Every structure is written in structure tokens, then in C-alpha cells.
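Colleague: I would be grateful for a close look at a single part of this model, namely the packing of one pair of helices. Please then place that part in its surroundings.

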Amino acid sequence: MYNKTVMDRFQSPKNAGSLRGANAIGQVGSSSCGDIMKMYFKINEETLVVEESKFKTFGCCASIACTDVACDLVKGKSLEEILKINSKQIAEVLGDLPENKVHSTVLAEEAIKAGVEDYFKRKERAAKRAAMLAEEMNSEQEEQE
Amino acid sequence: MERKIYLDNAATTYVSSEVLNEMLPCYNILYGNPSSLHSFGREAEAIVDRARDRIASAINAKSSNEIYFTSGGTEADNWAIKGIAHAYESKGKHIVVSAIEHHAILDSCAELEKEGYEVSYVPVNPDGLVNIAELIHAIRRDTTLVSVMAVNNEVGTIQNIKTIGKLCHDFNVIFHTDAVQAIGALKLDVQDMEIDVMSISGHKIYGPKGIGALYVRNGIKIDSIISGGSQERNKRGGTLNVPSIAGLGKAVESANKNLSENQQKYRILRKYFLSKLAENVEHYQLNGHAHQRVQNILNISFYGIEGESILMLLDLKGIAVSTGSACTSKSLLPSHVLKAMGIADEVAQGSIRFSFGKNTSKADIDIAVAELAKIVTKLRSISPLQAGRF
């Protein structure tokens, strides 16, 4: 059913587990469709390059293998570059996948994109918080004056 | 690889040597066509007759001519649903089945729906028992057939067949039961249980694959679905598969012996499995009825992890099980049986069916549970869901 590459990735994933100091997390899927993928990214704030990536996945062998590959593919690449990673590239690394498991590659692509989105959302929130804080400090200063 | 352990006996069993011994001469010595008039044919016919008698007597059919051979449980189910619905079309175009039937039943119903029939799917309780009140409610004036499986193949719950049979007859409706998983696990008496039509299969009871039978009580009308000959009293065309029929006859006869002894053996194994599991694994649930059940099927959901992953890792250790969910088949949806029992999707996705057989030993269970414990821990360490929070 699965080829050796898929089975190896599934049996001994290189990137499984959570990531301490992750500054972006992409989670996709639902248990009703059978898979939940969670990708952790540690992104360099200045260069926007993914320095480290890990995953946690609830799902079949293919889904576990796909997220393991996705982690490999994003490492060392800029956010701009990883947005271009598509499901086909993930499938290519794994070789033949059963037809009914191709959706796992699509879900893994979505997990990467969700991670990037999460990074910018966090940035936006942080910026808003900083702006609010600055405003508060300003008004406090004005009051003191 | 280390020793292999087969815990998937509800999927299929090996062919026992007593069954094989009945079959082998039919391939090269007694190879006549039972429809032929000469001595070769008559010899083969005698073998078929003996198998028919054995099956009729095992299920307490009134007459052996109520047994029709088919290519398996699936054909028997297809035939029962479509053949009866069509034969009674003038009475009505409504049939009632349970929500947890095998796909051989459900897909046959779907075909009938395309032809303009109406089908009611009766819900089950959380333990997998068909809700009798709902069943009564579903029966209408134009209902011709009710079909409820005797034992569910995924969770092992035994239905109240006798109650349902009686009820159907009170409402003047034909009752069919898919007994594929029930034969060999419980005593089936078609007269006492008021079963009109019943599907049987060979390969779950140490018989060959590709052979089954349909019991049709005399007086019940059923249209043919396979034409092409006068075999089986003009009801099912095709040269009879004599070796397999001989095997089925022997398998059914043997399965019907030592019923309670076998269940007692499985009860002990089941208890042992559960105690070992409780010692070694956390956060799981048992699916199916606690006691109104066959003892050789265990369906367990492991929280926070997915069934196929568990299955594949067990397979790498030489341990064969199956997923309760349909993930390994083409469908990616959770099991319709567990869903009908009200089990949440993420719990249903994590279910595994362990099914014991004649050869299963406590030593097998020791190994299986030890490996299972390691696998569950490993998969939970890489799952985004927390098992303790289910």
C-alpha cells in the first residue's frame, strides 16, 4: 500500500514533536476528515528565514509522512519561498502515494501556508499592542504635564 | 521477523484441515457437475445435498431446500434485499434496515432507492443495539422487508433477533438477517427466532472464501438476481461450486458444535486482553455492548491517535488487526457503525478491532498488548490532540 519512503518517514519521522521557541504555528484539518496537522516554525525576525520546523499530526501514515517532508522543505527558506511550496513537491519527495491519500499532501501545503499566516497575524497583533502601549504612555505623559 | 500474530479473525479465518479434507476430493476425484444426469453428476449432487442438509440442520431450517448457495455473504445480502423488494413490489416499495448494516446491505438499499424504493434506516443505541421503538415506528403499511444483522462485524453487539423476528411477523413484514458474523458465535434457530431469510458466509468460520448461502423460508417469494440456468430450483444460475459448497457445509456444521465452549474460551481471552490493556495503556474506550456481544471481537478507541497509524505500526511488528474506521478502504470517513452509535469522529478515527480465533493464545495477547502500549505512546507523542482531554 505504501512505498518504503512513506513507511520510513512514518515510522521514524525526523521532525516530529513540538518546538520550543516557535514563533508561528500552522494548524489545519479536522478530526471529521481524519487528519489534524500542526506545524511549528522558528522564524528569524530579521531575515524571515525558517530556522527550525517541527510537526505534530493526528492522522494516517501518509499524513504523518507528508508533514515530516513539509518540515524538511521549509527549513532554511524565506517565508516568501515557502509560500511557493505546493502539494506536488511534497508528493514528489514521497514518490507514489495511494490515490486516496493525495489529500494529505494538499493538507500539508495548507499547514505551511497557515504557519506563515499565523506569523504575520502575531506580528500584526504585536504591532497593535505596541501602538496601544505607546498611545497609553503618551497620554499618561500628557496628563503628567 | 518475530512470530506473527493474527488478531483479525473477524475479517477472515484460515481454512481448517477438516474443512479442507472435505473439499480436496471435489477438485480432482468427485469433479462432476451436479446438474449432469450421469454418475459423475450424481456423485457431485450427493455432496451438495449433504452440505445443504448440514446447513439446514445447523440453523434448524424445516427443509434442506430452503438453503440456496451463493458466491458469499455479499451476494446473499444483495439477493435478499433486491430479490425480496422486487418480488413484493406490488405490496409496497418500502424497506427498513438498521443504520449499522454491512455495506452489502446498505449499498443494495442505495440501488433500490435509485429505482424509486424508499428505505428507512433505523438508529441504534450507544451500545450498538437497534432501537426497537424506532424500528416499530419505521414500519409502514407498504413495508415489505426488515433487515437487521444478527451480530455487528465491527463492534460485536448481538441484536435482539428473536424480538425483531416476532415483531416483523406481527406487522406481516418479511424479516431478513445478515448472520455472517453470527454463525459460529451463537445458536441460530430460524424457526424459533422467526427468521424468514438469512445470509451465511464460509470464510469467517474456517471455511473457504467465495462461498455463502441464503436461507429462504419456503413460501417467501424472491426474484433471481443471477440468471443463466436451472440450478438452485431456478433461483440462482451458475454451475455449483462443489468443493466450496462441501467446505461450507462442513464449516457450518463444525461452527455450530462447541458454541458455548468456544465463547467461553474467547470470554477468558477477552478478559485477559482487557486486564493487560488496563495495566499498560491509558485513555481509551471500549465500543459496543458490554455483555450482549460475541466474545471474540474487541473494538477499542485510543484517544488522540488515528487507527491506520496504529494498524501499520502493529503490522510492522507482525501483528494483524483492522481499523474500526473505514480509513484503509477508499472512503476516508469514520466508520458508519461507530457514527451511528453516537461516537465522536475523533474517537471513531482512533478505533481498532481485535478479533480472536481458534489459534489465539494468552501469549499472543501478551505480545500484542506490549507492542500496542509502545505504539500508542509513540503516536501520542507526535499528536496535536491530548489523549487526557477526551
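Modeller: Helix 4 of chain A and helix 5 of chain A are oblique to each other in this predicted model, because their packing angle is about 125 degrees, and angles over 115 degrees but not over 145 fall in the oblique class. The axes of helix 4 of chain A (residues 87-94) and helix 5 of chain A lie 8 Å apart. In passing helix 5 of chain A, helix 4 of chain A makes a right-handed crossing. On the side of helix 4 of chain A, the contact is made by Ser87(A), Ile90(A) and Ala91(A). Helix 5 of chain A contributes Val102(A), Thr105(A), Val106(A), Ala108(A) and Glu109(A). By class, the residues of this contact divide into five nonpolar, two polar and one charged.

Helix 5 of chain A also leads to the sheet of that chain. The sheet is open and consists of three strands in the order 1-2-3, with antiparallel pairing. Its edge strands are strand 1 (24-30) and strand 3 of chain A, each of which pairs on one side only. From one strand to the next, the twist averages 15 degrees. Strand 1 of chain A and strand 2 of chain A run antiparallel and are joined by seven bridges. Within this pairing, Gly26(A) has Met39(A) in strand 2 of chain A as its bridge partner. Helix 2 of chain A packs on the sheet, where it touches strand 2 and strand 3 of chain A. The direction of helix 2 of chain A makes about 175 degrees with that of strand 3 of chain A. Helix 5 (residues 102-144) of chain A packs on the sheet as well, touching strand 1 and strand 2 of chain A. Its direction makes about 140 degrees with that of strand 1 of chain A.

Elements of this sheet also take part in the contact between the chains. That contact takes 20 residues from chain A and 18 residues from chain B. On the side of chain A, two or more residues each come from helix 1 (4-11), strand 2 (35-43), strand 3 (50-58) and helix 2 (61-74) of chain A. Strand 3 of chain A gives the largest share of that side, three residues. The side of chain A that touches chain B holds nine nonpolar, nine polar and two charged residues.

A second helix pair, in chain B, may be set beside the one requested. Helix 10 (residues 259-280) of chain B and helix 14 (residues 362-381) of chain B pack at about 30 degrees, with their axes 10 Å apart. That angle makes helix 10 of chain B roughly parallel to helix 14 of chain B, because angles under 35 degrees count as such. Helix 10 of chain B passes helix 14 of chain B in a right-handed crossing. Among the residues that meet here are Leu269(B), Tyr272(B) and Phe273(B) in helix 10 of chain B, and Ile365(B), Val369(B) and Ala370(B) in helix 14 of chain B. The contact of helix 10 with helix 14 of chain B has eight nonpolar, one polar and three charged residues.

One further residue of chain B deserves mention. Leu338(B) lies in helix 12 (residues 336-340) of chain B. Leu338(B) is buried, because 26 other C-beta atoms lie within 10 Å, and 20 or more suffice for that class. The C-alpha atoms of Leu338(B) and Gly128(B) are separated by 8.2 Å, although these residues are 210 residues apart along the chain.

Terms used
Residues are numbered from 1 along each chain as its sequence is written. Chains are lettered from A and ligands numbered from 1 in the order in which they are written. This is a predicted model: local features need pLDDT of at least 70, side-chain atom pairs count only at pLDDT 80 or more; totals for chains, interfaces and linings use all residues. Two residues are in contact if their C-beta atoms, placed from the backbone, lie within 7 Å. Helices (H or I, at least four residues) and strands (E, at least two) are DSSP runs, numbered from the N terminus. Ala, Val, Leu, Ile, Met, Phe, Trp, Tyr, Cys and Pro count as nonpolar, Asp, Glu, Lys and Arg as charged, and the others, Gly among them, as polar. Axes are lines fitted to C-alpha atoms, for helices over the stretch in contact, and angles run from 0 to 180 degrees between N-to-C directions. Angles under 35 degrees count as roughly parallel, over 145 as roughly antiparallel, 65 to 115 as roughly perpendicular and the rest as oblique. A crossing is left-handed if the near helix is turned anticlockwise from the far one by less than a right angle, and right-handed if clockwise. Two strands pair if DSSP finds at least two bridges between them. A residue is buried if 20 or more other C-beta atoms lie within 10 Å of its own, exposed if 12 or fewer, and partly exposed in between; C-beta atoms are placed from the backbone.
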